[in-house]
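Please open the model in a viewer and keep the sequence panel visible. The tour below proceeds from the whole chain to selected residues.

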Amino acid sequence: EYYQCLEEYLASQQIIAKPSTGHIGTSNKMNAQEWGNVVSIWPLGTDLSYVYPKRRREFFSSSNSSCRDEEFCINQNLERALQEGREVLFASWYGSTMNVPTSSFLAVPQKYDRRLEGLLESINYGLN
């Protein structure tokens, strides 16, 4: 029920990042470990869309089965959300299939983060 509500709300706002087209990630390594190996996410494509709950760190809570009373940050303050370890629903535009956005990203194991950042910096990719 919660994610259906979120889907409908974000569709009404014409946001690419929706439960049906996106992926939820967090910069909180403890929370990420609950789902498997910790990875860094590198969105691919030309446009990045993201959303996160304004007043709490996670989308769904067992105490709230509807999203109707929530406020969301949409395509703003991503750095703050990551610094605070919030869940972020994101999607990147990388083409389409039958006019449906396709979200694409790389999931890089944590042990390769520094190496990848070094390689990107060596070609002046502009991470900072």
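What does the accessible surface of the protein come to, and what percentage of it belongs to carbon and sulfur atoms? The accessible surface is about 8,700 Å², and 49% of that belongs to carbon and sulfur atoms. Accessible areas are obtained by the Shrake-Rupley method with a 1.4 Å probe, and for residues only the protein chains shown count as cover.

The model is predicted: local features need pLDDT of at least 70, side-chain atom pairs count only at pLDDT 80 or more, and totals for chains, interfaces and linings use all residues. Residues are numbered from 1 along each chain as its sequence is written, and side-chain values use heavy atoms, with hydrogens and water left out.

**The whole chain**

Begin with a cartoon view. The protein has four helices and eight strands, and along the sequence they follow the pattern α-β-α-β-β-β-α-β-β-β-β-α. These elements are DSSP runs numbered from the N terminus, with helices (H or I) of at least four residues and strands (E) of at least two.

Next, colour the chain by accessibility. Of the 128 residues in the protein, 30% are buried. The classes rest on relative accessible area with a 1.4 Å probe and protein chains only: buried is under 20%, exposed is over 50%, and partly exposed lies in between. Among contacts with a separation of 6 or more, 71% join residues 24 or more positions apart; a contact means heavy atoms within 4.5 Å.

**Helix α1 and a buried glutamate**

Select E7, which is found in helix α1 (residues 2–12). Which side chain of opposite charge is nearest to E7? That side chain is K18, 5.0 Å away, and E7 is buried yet has no salt bridge. A salt bridge requires a side-chain nitrogen of Lys or Arg within 4 Å of a carboxyl oxygen of Asp or Glu. In assigning charge, Lys and Arg count as positive and Asp and Glu as negative, while His and the chain ends are not counted.

Now show S20 as well. Its side chain makes a polar contact of 2.6 Å with the side chain of E7. A polar contact is a pair of N or O atoms within 3.5 Å; within protein, one must be able to donate a hydrogen and the other to accept it, and residues adjacent in sequence count only if both atoms are side-chain atoms. Apart from neighbours within four places in sequence, E7 is in contact with K18, P19 and S20.

**The salt bridges**

How many salt bridges does the rule give? The count comes to four.

Select E71 and R55, which form a salt bridge with their closest N and O atoms 2.1 Å apart. Both residues lie in the loop between β3 and β4, so the pair ties together parts that are 16 residues apart in sequence. E71 is partly exposed, at 36% relative accessibility, whereas R55 is exposed, at 60%. Add K54 to the selection: K54, R55 and E71 are linked in a network of salt bridges.

Move on to E84. Its salt bridge with R80 has closest N and O atoms 3.3 Å apart, and its salt bridge with R86 has them 2.6 Å apart. E84 is partly exposed at 29% relative accessibility, as is R80 at 32%. R86, at 9%, counts as buried.

**A nonpolar surface patch**

Select Y3, I24 and F60. Together they form a nonpolar patch on the surface with about 240 Å² of accessible area. Patches are made of residues with over 30% relative accessible area and no salt bridge; like charges are joined within 9 Å, and nonpolar side chains (Val, Leu, Ile, Met, Phe, Trp, Tyr) within 5 Å. F60 is found in the loop between β3 (47–53) and β4 (72–74) and is partly exposed, at 41% relative accessibility.

**Three asparagines in loops**

Select N37, in the loop between α2 (29–33) and β2 (39–44). N37 is exposed, at 73% relative accessibility. N37 and Q110 are 73 residues apart in sequence and 8.3 Å apart in space, C-alpha to C-alpha.

Finally, select N75, found in the loop between β4 and α3 (78–83), and N77, also in the loop between β4 and α3. Most residues other than glycine have a negative phi. N75 nevertheless has a positive phi of about 55°, and the phi of N77 is near 55°. N75 is partly exposed at 37% relative accessibility, and N77 is partly exposed at 42%.
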